[in-house]
Amino acid sequence: MQRPNYHLLLQSILDKSSQSSPDSGDSKENTRTFEDEDRDIIEFLQENLLWQETIPPQKAKRYKLPKTLPSILRKALKVNGINSLYSHQARCLQAVRKGKDVIITTDTASGKTLGAYIPILENLLQNDTTALAFYGLKALSADQNQKLARLINAIPNSSRPFMVLLNGDISKPERESLLARSPQIIITTPELIHYALRQVHFNSGWQHFFSRLKFIVIDEAHTFDGVYGANMTNLLRRIKLTVDKYDGNSRKLQFIFLSATVGNPKELARKLSDRPKLKNDRLYWINRSGASKPEQQLIVTRPSSNPNVDTARIILFLLAQNQTGICFINSRQSIKSLFSVLIAEAEAQEYYAIEQQIAIFYGSLTQQRREQILSGLETGEIRCVIATSALEAGIDIGSLDFAIVRGWSNSLQAFRQRIGRAGRNKKGLAIFLPTQYSPLDLYYAQQPEILLRGKVERVSFNPNYPLDLGKHLMCAAVENGFNLQQAEQYFSSSSIPLLQVLMAQGVLRKSRERLWAKGYPHRDVNFRGSSSSYRVSLLDIERGKIVEELDGVTAQREVFPGAIYRHQHPTEGMVTYRCEELTSDKAVLRRIADVGLYTRATTEVETAIAQVLTQPYELSFPDATSPIPLVKLTLASVAIAESTIGYQLLQRKYELTCLNHKCLKHKEPLHNLNLCPFCQQKTKRAELSWLVDEHSFAEPLTNELNTICTKIELDPNFYQQLQPAINNIKQELQAHSPNFVWEYPLEFMVLHSFGHLILSALPLLRMGASSDLNFLIVSDSEHTKTFTGYFYDTNEGGNGASETVWRYFTQLAERGIALAKQCDCTNGCPRCLHHTNCPDRNRGLLKQLAIAAGELITTENINRSV
């Protein structure tokens, strides 16, 4: 610990006595003037500017509409203002005509969708064929349906392909009516087709559609990661089986994949279509865009300790310049917090009547509200949207001037999607505003070049993981039935041993060489792998209207009894509610006055091993008498319960304060003072909050994730053997990083750092998404320094990731050490140690500790036994 300089105490008092007291009144520096309208963003940011780069414009490469296109399609395109094709659109047309599968990975807003549908419409106009288009979100499917309808409606009635939108908002009777009219194009979501396949046997409309199926379009292909991708591949396998059963030809199906950002496009397309690379490669990859691209400026600001205020000021500056744009934040609650600061800052700057020009957008809004916001953007009534990833990709929101990314977006893939929202038709501005308290934000602020030139993440999944594949085999047995040859043909050789197990359980039956089943196994498939499969409607009890809909896990964190919840009404502005009751499907909300109060759930996580699946795997040092235990690994099924046990009631105000973190008045209200009375620094407006009250629930609200884990326990002997290495690390840090603070117990830091080392190495030994596995540390006692780690599958029922840790533990440690040593960072970074979804928020991570622990585990003379 650094020794205080007590002489400075006397000096500071003498200095203060010679200074005049600070003036009171509003600071001119904190008052907005309309001179901002003539300033450049660089001038506005001044010392807060960290890095900038301008991406030069790109000229369009166009081709005339081919005369070989059907004349009615050419006329329809011209009616919609399309008189030529970009080069990538022309290449897609040629490839599809040759029977190729296609994946298009050109830039955002380059016209990928049009490029996909021109060859499809050509084929549908000339042949008795159909097309099935998948979109991951209902809102996206509705948006694309609307855009495509404009083109199709320009085709004469007598020849016009019949297109329908089928999603969860379409009632079953309406769905049946649409299918009876023999649609040629169905725009839908994966979940709807997953359940619809069970009805094909009883529905002639579905049978007729699948018998003629020629094209399958998969938009935003990069989103099919992990369990979602595995389920999608198996759904497409079931579709092929259905096509062939009703006299279609699955071998002649053509897949068209669309994705703006993905690290392994061809591999992804092959895995989803389940078509491996052959000598005459059927897959055609289009990655060069022929679309024009305006100049785009990317700015990175210095990491902010006051991110909401800094973001609000940037937004107000850009709005004063008559620009429109979007600001991305990662959570719903953070969006609402920024909105409040934005309104308060606008009032402080005397920028009035702005509330109706700002909209907040996230996934739980009703479809009607989402459409209102998108329409407002198009008409100019709304000038800025603050959004989560719900507006990251796909949905057309027109041409925006700026896109702000406040806080790291969890992946380069997502970051580029977000900044791609600005400058579609004119010069665009993208701003990354990192927060000072996030290691991930700091990493990308220190190496901003990665934002533009770093390699985008790969998408990976294993469609043959037994838990996933077995469920889809059961679905296929109910839908169509199949023989062993078909099982291997459609579902791979991995299906055969699973079928034997299912037959032994009596759930799969065989007659006349055909395997079949009864029941509704489709309910067992958690398509996106979420731990909550139920939805909660938020009811405004006084108006009798549903204002939003949340998933069950989010509901217990945000609308528990007593919770304060805020919702933006289209005409009344931000409305504040208090939750009176929460049930399994409904949260009853009552309006209250907004006095700056908010609530924060108090949560706890508990783990309970349900069943040990194998004998523990132990590592120990040999000894003359008995082995010295070091590490114990247990593969088990586990219930991870997150409970809301109460909540805190907090007060929030937006006031002048001191932002000097070394000052006694740091983030305390300093009403109408230009200077801090203690440190004499200029005051700034900031969001201040303090605890008002705390409440506990008699019965906690609990959500359980039942999954598979590898439990890791480090014996006290492990830390004793590691102590020499720890001493060396401390000496090195004292010499090279004297400001490094050991904030957490050493045992926690060692286990946490090593756990992250294993997470980083997992993709090198297992086919799957990085999000398939997480690492949680549980303290065995409040009064001891004993910690237990859990590598757990993040999907209900498991996905195989934790089993890989159990089987290849030392190999993963070796790979992790190599990765960490290759990384040029000092103490750990996102490339080698930090992880976006860490339950412990990447606290206490130190690369040197991770390497030391790994090297101890991989020592040659260590005993390994099961």
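In this predicted model, Phe 415 counts as buried, at 0% relative accessibility. This residue offers a starting point for a walk through the aromatic side chains. Phe 415 and Trp 408 form an aromatic pair of the stacked kind, with 5.6 Å from centre to centre and 25° between the planes. The pair counts as stacked because planes under 30 degrees apart are placed in that class. Trp 408 is likewise buried, its relative accessible area being 3%.

Trp 408 also takes part in a second pair, this time with Phe 432. Here the arrangement is edge-to-face, the centres being 6.0 Å apart and the planes meeting at 75°. Trp 408 belongs to the loop between β15 (402-406) and α15 (412-419), whereas Phe 432 belongs to strand β16 (residues 428-433); the pair therefore ties together parts that are 24 residues apart in sequence. Phe 432 is buried as well, with a relative accessible area of 0%.

These contacts belong to a wider group. Trp 408, Phe 415 and Phe 432 join Tyr 443 and Tyr 444 in one aromatic cluster. Across the structure, the count of aromatic pairs comes to 23 when ring centres within 6.5 Å are taken as paired.

Aromatic rings in this model also meet charged side chains. The ring of Tyr 598 has the charged end of Arg 652 over it, at 3.9 Å from the ring centre. A further case involves Trp 742: the charged end of Lys 730 sits over its ring, 5.4 Å from the centre.

Technical notes:
Residues numbered from 1 in each chain as written. Predicted model: local features only at pLDDT ≥ 70, side-chain atom pairs only at ≥ 80, totals over all residues. Heavy atoms only, no water. Phe/Tyr/Trp six-rings, centres within 6.5 Å; stacked < 30°, edge-to-face > 60°. Buried < 20%, exposed > 50% of the residue type's maximum accessible area, 1.4 Å probe, protein only. Helix = DSSP H or I, 4+ residues; strand = E, 2+ residues; numbered from the N terminus. Lys NZ or Arg CZ within 6 Å of the ring centre and 35° of its normal.
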